[in-house]
Amino acid sequence: SSEALDGSVALVTGASSGIGEATVKALAEEGASVALAARREPQLRDLADRIEAEGGDALVVPTDVTDESDVQEMIETTHEEFGRLDILVNNAGVMLLEPVEHADTDNFQQMVEVNLLGLMNATHAALPILQEQGQGHIVNVSSVAGRQASTNASGYNATKFGVNGFTEALRQEITQDGIRTTLIEPGVVDTELQEHIPNESAKESIEEWVESMNPLTSEDIARSIQYAVTQPQHVSVNEILIRPTQQQ
Ligand code: NDP
C-alpha cells in the first residue's frame, strides 16, 4: 500500500520519550524513514527496533542538542544515511519551572540552550539541504507557554516565545523557496516533562493541575504534526494551538 510520506525522510529531536517518540511512530506509519535524536541512546535503540520490526526504516543519532557540533553531525548523518531530509521536527525541550527570585541560573541556561538555541542551530544546519532540494518542512514544538506567560514559567516562557518569533521570521524568509514551517503549541500533555521540575512547590502545583483534568496524550500531538506534514505542497499549516478541552 502507498502512504503519504513514502520516500520521505524525517528527523525528530527529543525522540526518546513523550511527544517525540509518538511523532516518530506516526511519521513512520505514514511511510517516512525516521532519524531519532536525543541523549538517551537505549530508548532510541528500543524505538528504532520496534519501527524496524514493523518494516520501517529507522536510524539512531545520539545527540545533545546543546552541543553545536553534535547538532551539525545529527543533520549530516541523517542526510548521508538516507540521502535526503524532508522533515525536521524540533521537539527536544525541558521545562524547569521556578520563580525568578529563587531560580538557579544554570536552569535558565539549560532551557535556552535546549529549547531555543538547539532548535535554531538544527534549523540552521538543515536549511542548506532543504534549499537544495527545493522542498522541506520544519516543525517547531513550542507551547501554549509560547503565547501566554505565567508564574514560575519565566525562563520557559522566554524560550517558547523565542521559538514563536524565530519560526515566524524563518517562515517569511523561506516559504517562497517551497519550504514550510509549522509551529505546534500544545497545552497540558501527559509526559515526563513535569518530572524534571527543580522547584518542589512549582512541581506540586503543576502536578495538581494536570491531575485536575483529562490531559492530552503524546499521540494527540503526534496526530497534529502528522496532519501538518501530510498536506499537499501548496498548503502550509503555519500554527496549531491544541489544548485539553478541560484546560482553561
Ligand atoms: P519529555 O520529557 O517526554 O521529552 C523531552 C525530550 O527532549 C526527551 O526525548 C529528551 O531526551 C529530549 N531532550 C532534553 N534535553 C535534551 C538535550 N540536551 N539534547 C537532546 N534531547 C534532549 O517531554 P515532552 O514530550 O512533553 O516534551 C517535548 C516537547 O513538547 C518539549 O519541547 C516541550 O516543551 C513541549 N511541550 C510539552 C508540553 C507538555 O505538557 N508535556 C506542553 C507544551 C509543549 P533525552 O533526555 O534522552 O535527551
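Let me begin with charge: the protein chain has 13 positive and 41 negative side chains, and the centres of these two sets lie 5 Å apart. Please keep in mind throughout that what we are looking at is a predicted model.

From charge I would like to turn to the fold, where the protein chain contains 7 helices and 7 strands. If you follow the protein chain from the N terminus on, the elements run β-α-β-α-β-α-β-α-β-α-β-α-α-β. The radius of gyration of the protein chain is 17 Å, which is close to the 18 Å that the globule rule gives for 248 residues, so the protein chain is as compact as a globular protein of that length. For the outline, the C-alpha trace spans about 50 × 40 × 35 Å along its principal axes.

How much of the protein chain is buried? Of its 248 residues, 52% count as buried. As for the surface, the accessible area of the protein chain comes to about 11,600 Å², and carbon and sulfur atoms account for 44% of that. There is also the matter of which parts of the sequence meet one another: if we take the contacts between residues at least 6 apart in sequence, 70% of them join residues that are at least 24 apart.

Now let me go through a few single residues, beginning with Thr23, which has its place in helix 1, residues 18–29. Is Thr23 buried or exposed? Its relative accessibility is 1%, and because buried means under 20% relative accessible area, Thr23 counts as buried. Leaving aside residues up to four places away in sequence, Thr23 touches Val12, Val89, Ala222 and Ile225.

For another setting, consider Ala169, which lies in helix 5. Ala169 has a relative accessible area of 38%, and since partly exposed covers the range between the 20% and 50% cut-offs, Ala169 is described as partly exposed. If we pair Ala169 with Arg40, we find that the two are 129 residues apart in sequence and, going from C-alpha to C-alpha, 32 Å apart in space.

The last residue I want to show you is Asn152, and here the question is where in the protein chain Asn152 is found. Asn152 sits in the loop between strand 5, which covers 136–141, and helix 5, which covers 154–174. What I would ask you to look at there is the backbone, where phi of Asn152 is near 75°, a positive value in a residue other than glycine.

Technical notes
Residues are numbered from 1 along each chain as its sequence is written. This is a predicted model: local features need pLDDT of at least 70, side-chain atom pairs count only at pLDDT 80 or more; totals for chains, interfaces and linings use all residues. Side-chain values use heavy atoms; hydrogens and water are left out. Helices (H or I, at least four residues) and strands (E, at least two) are DSSP runs, numbered from the N terminus. The radius of gyration is taken over C-alpha atoms; the globule rule is 2.2 Å times the number of residues to the power 0.38. Buried means under 20% relative accessible area, exposed over 50%, partly exposed in between (1.4 Å probe, protein chains only). Contact means heavy atoms within 4.5 Å. Accessible areas come from the Shrake-Rupley method with a 1.4 Å probe; for residues, only the protein chains shown count as cover. Lys and Arg count as positive and Asp and Glu as negative; His and the chain ends are not counted. The place of a charge is taken as NZ of Lys, CZ of Arg, CG of Asp or CD of Glu.
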